Amino acid sequence: MSTQEEKAPVATGPTWPPSYLDQAGWGWVPSWLKTYLRPQMLAMLMLGFASGLPLYMFYSKTSIWLREVGIERSTIGFFYWIGLAYTLKWIWAPVIDKTVIPVIGRMFGHRRSWMMVSIGGTVLGLLILSTASPADSLMPVLLGAGLVAFAGATLDVSIDAWRIESAPTEAQANMAASYSLGYRGALLFSGLGLVIAGNYSWTVSFTVMALAMAICAALVILISEPASRKTAKPTDNLPLFAGPWNAVAVGTALIVITRALRWVNVDTKVPEGDTFIYLLAGLAALTFILGGLVLRGTRSGMALRGAMAAVGLSYVFSREIADQLTTVDASSPFFRLAVVAVSLAAIGAFGWLVSLSFNRTGTPAPTAEQPRGKMYETFGTPFLQVWDRFGVVLVPILILVLIYRTSDFTMGVMAGPLYVDLGYSTETIGAIQSAFGVPATFVGLFLGGIVANTIGVMRSLVVGAILTLVTNGFYAYFAAHAAGTDPGFLTLAICADNVAGGFVTTVFIAYLSSLVDPAFAATQYALFSSLYALLNKLLAGFSGVMADAMGYETFFLVTASYAIPAAILVLVVMAMSKKRPPKPILAERTT
C-alpha cells in the first residue's frame, strides 16, 4: 500500500505481539497464510461464533418457536423491535470504551471483562427462554429475548474493539475474514438448535445454546488482552458536567423533559389551592437540590444553579401558577394570556440566568482551567472527533457507509422467494445452500482478506462493488431463464452471490475499522456499523413491494445498479482524501 489513497484510512493499529510464528522454523510459511495462523486469528474465530449465536437464536429461531405455539404473525413482527438493540448499540458504546468493570476488569483486562459479562448476559437470557412458555405468557419470552439482544449487542461492541486493538491496520481484513467465518459457524450451529427442538424440546435447545455460550466465556480467559491500546484522556477527576454550555444544556434538558411529560398528561391530576403551593414548594426544593448536584462542576454557584432549576419548574407549571395569580376563569382567553405571560417571564428569567452564568464563568470555550465534563468526554468527544479528523471528507464517507451494502441487503430478501417461485423444492434449496453456498462464502471471506492485503482496502472496495454488480445482476438473468428442474443453474447463482457477499463483507469491515481511532474503538465502530445497518434494514423491508411492482428481472437489475454509485463514491473518497488527508491520531498509547 504505497499509494497516497491507501494511506488515507486513518487508524494506526498496534503491531503483532510476539508469537510462535516469530520463532525459527516458520520462515517457509507464506506471509498471507502466516497472518491467518496467528493466535489472534484463532481467537477471532471463537469470538465471531460467540457474536453470531445470540443474533441467530434471536432473529431466526425464536420466531419459529413462537409460530409453532400459535402466536400471531403480527405479534411476532413487533417482537423483532427488540432487535433494535443491535442498531442502537452506539448509544451505550461510549460507556464500554470508558468504563472498567470492577474486580474482573482488573483481573482479565478491559475488553475481555466486558466480553465475559456480555456473554454471561446472553447465557442468562437463553436460560430464561428455556423456562418460558409463550403459549401461557409472552412476558418471560420478551424478558429473555430482550436480555439476549442487549447483551449480544454489547458483546459485539466489545469484540469489535478487541479486534481493532489486537491487530495492525493492514491485517484488519484478515481479522474480518476470521470473524465472519466464526459468525457463519454460529449460523450452522444455530441450525442444530432446530434439530434439538424438533427431537426433544425448545427447553433443551435453548439450554444447549446457553451452554455453548458459557464455553465461549471460559475460552475468553485463554485469549490475550490487547498488549497495548490507545486511550483518550482520563475522565476520573472530571466533574460530571463542566462549562457553562453544559450547564445550559442540562438545565434546558430538564425543562424540556418535564414539559414533555406534561404534554402527554403524565401528571393529569394537579392539586389545587394551598395543596398545590406546598407541592410546588416541595418540587422546587427537590429540583433545587437535584439541579445543584447534576450541574456540579459547571463553575456556577449553587444559588445560580438552583435558580435555573426553579425557573425551569415555573415554566413547566406556568398554567397552575397563572391560576394561583389570577381570578380569571380558566376557559377565558384572558387566562391563556396569563399563562403565556408566566411562560415568557420564566423563559426570560432563564435567559438572564444563562447570561449571568457566562459572566461569572468566562468564555464558553473549554480551556485547561475550564475542562469539559465527564459526560462530554464520554459521549461527545468520540463522535465529534470523527468530524475533526476527516473534515468535509466525512460527508462522502458517511454516504458510502450508508449505501455500500444496499444492493446486498435489498436483493437478498427476495432471493429465497425467487427460488420457490421458480419451482425449486425446499430440500433442493437447503442442500445447495449448505453443501455449496456455505463453502463459497468461506472462499469469498478469505479472498477478500488476501486481495485487501495485496491491493489495499480502498481498491478492494471497488472490486467488491463490481462483483456485487455482476453477481446480483446475474439474478435477473437467472430469474428469466432458470427452471426448478435445473439445480446446476441454482448452484451457480448461489455460489457466485456467496463468494461476492463474503468478499464484500471482509473488505467492508476492514474499511469501517480503518475509519476508527483506536482510542475510541468501541464507540466509533459501533456508530459506523449501526449507521449502515439501520438504513439498509429499513430499505430491505420494501423489497417485496418493489418485486411485486417491477417483477423479478427488473427488481434484480435495479438492486444490482445500487453498486454503481457505491463504486463511484469510493473513487470520490479516494480523490478527496488525497487533497484533504485526515488528521493523524494523537492519542497516547498506554500498556
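These are my notebook entries on a predicted model, covering its overall make-up, pocket, cavities, cores and salt bridges.

**Ground rules.** The model is predicted, so I kept local features only at pLDDT of at least 70 and side-chain atom pairs only at pLDDT 80 or more, while totals for chains, interfaces and linings use all residues. I number residues from 1 along each chain as its sequence is written, and side-chain values use heavy atoms, with hydrogens and water left out.

**Overall make-up.** I looked up the secondary structure and found 25 helices and two strands. Helices (H or I, at least four residues) and strands (E, at least two) are DSSP runs, numbered from the N terminus. The protein has 591 residues, and 51% of them count as buried. Buried means under 20% relative accessible area, exposed over 50%, and partly exposed in between (1.4 Å probe, protein chains only). I then took the contacts (heavy atoms within 4.5 Å). Among those with a separation of 6 or more, residues 24 or more positions apart account for 81%.

**Largest pocket.** I searched for open and closed space on a 1 Å grid over the protein atoms alone. A pocket is an open set of points with protein on both sides within 12 Å along at least five of seven lines; a cavity is a set where a 1.4 Å probe fits but cannot get out; lining residues have an atom within 4 Å of a point. Grid points are joined across faces, edges and corners, and a volume is the space filled by probe spheres set on the points.

The largest pocket holds about 2000 Å³. I list 47 lining residues, with Tyr-56, Tyr-183, Arg-184, Leu-187 and Arg-405 nearest the centre. Helices that each supply at least two lining residues include α3 (39-68), α8 (139-166), α9 (172-199) and α22 (521-540). Helix α21 gives the largest share, nine residues. By class, the lining has 23 nonpolar, 15 polar and nine charged residues. Here Ala, Val, Leu, Ile, Met, Phe, Trp, Tyr, Cys and Pro count as nonpolar, Asp, Glu, Lys and Arg as charged, and the others, Gly among them, as polar.

**Cavities.** I count two cavities of 30 Å³ or more. The second largest has a volume of about 40 Å³. Its lining consists of Tyr-404, Gly-464, Ala-465, Thr-468, Val-504, Ala-563 and Ala-566. Both α20 (457-481) and α25 (563-579) supply at least two of these residues, and α20 has the largest share with three. This lining divides into five nonpolar and two polar residues, with no charged ones.

**Nonpolar cores.** A nonpolar core is a set of buried Ala, Val, Leu, Ile, Met, Phe, Trp, Tyr and Cys residues joined through side-chain atoms within 4.5 Å. The largest has 102 residues, and those with the most contacts inside it are Leu-47, Ile-119, Leu-126, Ile-397, Val-401, Tyr-404 and Tyr-511. Helix α3 gives the most to this core, 14 residues. A second, separate core has 22 residues, including Tyr-424, Ala-482, Met-546 and Phe-556.

I followed up Tyr-511. Not counting residues up to four places away in sequence, Tyr-511 touches Ile-397, Leu-400, Val-401, Val-457, Met-458, Leu-461 and Val-573.

**Salt bridges.** A salt bridge is a side-chain nitrogen of Lys or Arg within 4 Å of a carboxyl oxygen of Asp or Glu. The whole structure gives six.

- Lys-89 pairs with Asp-156 at 4.0 Å, N to O. Lys-89 sits in the loop between α4 (73-79) and α5 (93-98) and Asp-156 in α8, 67 residues apart. Both residues are buried.
- Glu-225 pairs with Arg-112 at 3.6 Å, N to O. Glu-225 sits in the loop between α10 (202-220) and β1 (229-230) and Arg-112 in α7 (residues 110-131), 113 residues apart. Both residues are buried.
- Arg-163 pairs with Asp-160 at 3.4 Å, N to O. The two lie in α8, three residues apart, about one turn of the helix. Both are buried.
- Asp-97, Arg-111 and Glu-165 are joined into one network by salt bridges that share partners.

**Ser-118.** I checked this residue in helix α7. Ser-118 counts as buried because its relative accessible area is 3%. Leaving aside neighbours within four places in sequence, Ser-118 is in contact with Ala-151, Thr-154, Leu-155 and Ser-158.
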